[in-house]
Amino acid sequence: MTTSLHAQDIDQKLKEKGIVLTPPSQPIANYVNAVRVGNLLYLSGKGPTKADGTNITGKVGKDLTIEQGYQAARLVGINHLSVLKAELGNLNKVKRIVKVLGMVNCENSFGDHPKVINGYSDLMVEIFGDKGKHARSAVGMGSLPNNIAVEVEVIVEIEP
């Protein structure tokens, strides 16, 4: 498969799913959206920021259902795709989604973190196929910045 055909396939998948990538949000503190080390791109944690700039907020299992948390995690995945596109120019340079750390804003008794972060993981596999399958941790947090429902950081292998 040629590089341009692969890029077209990714763009087509996004279009078919109705996913529109917007410019990535800027960091809210003293850090950057991504750092490249060799063939690895480390993406900073992102939250579920909607196109209008507002966030999905609240504790999953209390303020939000697991399904709403899943959708919030999916939105974080879309936000990370925007960062990747901005950093790489096109998504065909993604060789592999390597490692995902998903953090869920929840109460101490909540135990369905994996079901929530599946929103992110499922999106990566939908878009990248086998290259989207990754190692992952899904953990609960007592709070997250600005009361966002989920935050995810990711390590991506990219073409040299």
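Is Asn105 buried or exposed?

## Asn105 in strand E3

Asn105 counts as buried, because its relative accessibility is 0% and the cut-off for buried is under 20%. This value comes from a predicted model. Asn105 belongs to strand E3, which covers residues 94–105. The side chain of Asn105 has a polar partner: the backbone oxygen of Ile148, at 3.1 Å.

## The sheet

Strand E3 is part of an open sheet of five strands. The order is E1-E2-E5-E3-E4, and the pairing is mixed. Strand E1 (34–37) and strand E4 (135–141) are the edge strands. Each has a single partner strand, so one side of each lacks a neighbour in the sheet. From one strand to the next, the twist averages 15 degrees.

Strands of a sheet pair through backbone hydrogen bonds, in parallel or antiparallel fashion.

## The E1–E2 edge

Strand E2 spans residues 40–46. E1 and E2 run antiparallel and are joined by four bridges. In this pairing, Ala34 stands opposite Leu43 of E2.

Strand E2 also holds Tyr42. Tyr42 has 36% relative accessibility, so it counts as partly exposed. That value falls between the cut-offs of 20% for buried and 50% for exposed.

## A nonpolar surface patch

Which residues make the nonpolar surface patch? They are Val32, Val35, Val37 and Tyr42. The patch measures about 340 Å². Tyr42 thus links two parts of this account: Tyr42 sits in strand E2 and contributes to the patch.

Technical notes. Residues are numbered from 1 along each chain as its sequence is written. This is a predicted model: local features need pLDDT of at least 70, side-chain atom pairs count only at pLDDT 80 or more; totals for chains, interfaces and linings use all residues. Side-chain values use heavy atoms; hydrogens and water are left out. Two strands pair if DSSP finds at least two bridges between them. Axes are lines fitted to C-alpha atoms, for helices over the stretch in contact, and angles run from 0 to 180 degrees between N-to-C directions. Patches are made of residues with over 30% relative accessible area and no salt bridge: like charges are joined within 9 Å, nonpolar side chains (Val, Leu, Ile, Met, Phe, Trp, Tyr) within 5 Å. Accessible areas come from the Shrake-Rupley method with a 1.4 Å probe; for residues, only the protein chains shown count as cover. A salt bridge is a side-chain nitrogen of Lys or Arg within 4 Å of a carboxyl oxygen of Asp or Glu. Buried means under 20% relative accessible area, exposed over 50%, partly exposed in between (1.4 Å probe, protein chains only). A polar contact is a pair of N or O atoms within 3.5 Å; within protein, one must be able to donate a hydrogen and the other to accept it, and residues adjacent in sequence count only if both atoms are side-chain atoms.
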